[in-house]
Amino acid sequence: MQFPIFLQRSALLLVAALMIFTCSNARVKAFGDRDVVMINVALPAAIAAVRAYHNGQNIEKAVLQAAFGGYIMYQGFKMAPTLQEESALKAWQAKCMVNLGASLAESAGDKFVFRMDIGPVWLIAKDGDIRIKPALNAVVAPIIHLLEGSKLDFNRSFHYGTLAFKRSVTTDGTLNGSGALAYSNANNFTTNKDGMHAGHELVHTFQYRRDSMYPLRIGNFLKGFDERIGDNWVDDTAWSMNWGLQCAWADSTGRSKDFDIPMEKEAYYLEQKYRQPWR
Ligand SMILES: [Zn+2]
């Protein structure tokens with residue numbers, strides 16, 4: 001089988017990217033445009049190059065396609081923090097851009113497959129055929145939100161094209177029992193009843209789609225996992241794996257999981273840069 005080598009090399013690229021990021025952030029430099037472009041464009045292009053090499057495809061073409069997809073994704077990410085005040089049309093436009101960009105990038109050096117996450121399911125268009133499949137993380141996470149006492153917010157879910165939950169707040173404004181102002185889990189999130197901080201959480205839901213194109217998913221690490229879930233489910237566990245790794249890194253280096261990990265830095269950076277005035 002050829003995928004373990006591809007997997008090893010891709011994993012190395014991811015670790016290298018995280019290390020470059022860590023080093024550049026250890027001192028004075030804050031998260032900036034360069035980091036966003038690296039995460040959205042350069043990394044997908046580098047992984048596409050490795051994939052094309054292993055598939056015996058044209059490397060240059062694959063790199064161009066992945067970089068182009070990454071660029072579209074990047075434009076969608078820039079819109080995320082502003083969507084709290086925008087129309088549903090704009091929110092869906094951003095979501096479609098991220099999904100199209102990620103599909104282009106993950107298909108580079110291979111056959112084009114369009115994949116889009118919508119709530120607990122994924123829409124997959126392949127070979128002129130459209131299939132809808134449930135995804136592991138996207139099904140389990142809403143159940144956790146409900147068990148925690150969050151209620152499904154139908155209006156906002158429809159508005160953003162992603163499952164949005166609401167929860168009562170305590171006197172200090174944090175969500176009851178969580179200590180957070182808002183939080184996300186894979187491609188869904190919980191806010192207060194006014195939907196505050198949805199823009200920030202939407203960045204995380206877009207990260208979920210972007211991460212789904214990496215070979216970090218659980219099926220690549222647990223032997224026999226893919227066979228067990230079969231072809232009827234999508235393995236969308238890459239975001240959680242990535243988040244878990246970043247949290248482990250924060251724990252081991254005495255940094256904050258809520259502010260210092262790359263995922264949070266990206267969300268706060270985009271929020272500060274594209275959502276004015278800061279709220
Ligand atoms: Zn966050």
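**Exercise 1. State how many helices and strands the chain has, and how much of the chain is buried.**

Solution. The model is predicted. Its chain holds 10 helices and seven strands. Of its 279 residues, 41% count as buried. Next, take contacts between residues at least 6 apart in sequence: 58% of them join residues at least 24 apart.

**Exercise 2. Classify the packing of helix 4 against helix 7 from their axes.**

Solution. Two packed helices are described by the angle between their axes and the distance between the axes. Start with the distance: the axes of helix 4 (residues 88-107) and helix 7 (residues 198-211) come within 9 Å. Then take the angle: the axes cross at roughly 20°. Angles under 35 degrees count as roughly parallel, so helix 4 is roughly parallel to helix 7. Last, the handedness: this crossing is right-handed.

**Exercise 3. Which residues make the contact of helix 4 with helix 7, and how do they divide by character?**

Solution. Helix 4 contributes Val98, Asn99 and Ala102. Helix 7 contributes Phe206, Arg209 and Arg210. Now sort them. Three are nonpolar, one is polar and two are charged.

**Exercise 4. Check the length of helix 7 against its expected span, then decide whether helix 7 is largely enclosed.**

Solution. Helix 7 has 14 residues. The expected span is 1.5 Å times one less than the number of residues, so helix 7 should span 20 Å. Its end C-alpha atoms are 20 Å apart, which agrees. Now burial: 14 of the 14 residues of helix 7 are buried. Helix 7 is therefore largely enclosed by the rest of the structure.

Note on methods. Residues numbered from 1 in each chain as written. Predicted model: local features only at pLDDT ≥ 70, side-chain atom pairs only at ≥ 80, totals over all residues. Helix = DSSP H or I, 4+ residues; strand = E, 2+ residues; numbered from the N terminus. Buried ≥ 20, exposed ≤ 12 C-beta atoms within 10 Å, placed from the backbone. Contact = placed C-beta atoms within 7 Å. Axes fitted to C-alpha atoms, helices over the stretch in contact; angles between N-to-C directions. Parallel < 35°, antiparallel > 145°, perpendicular 65-115°, else oblique. Left-handed = near helix turned anticlockwise from the far one by under 90°. Nonpolar A, V, L, I, M, F, W, Y, C, P; charged D, E, K, R; others polar.
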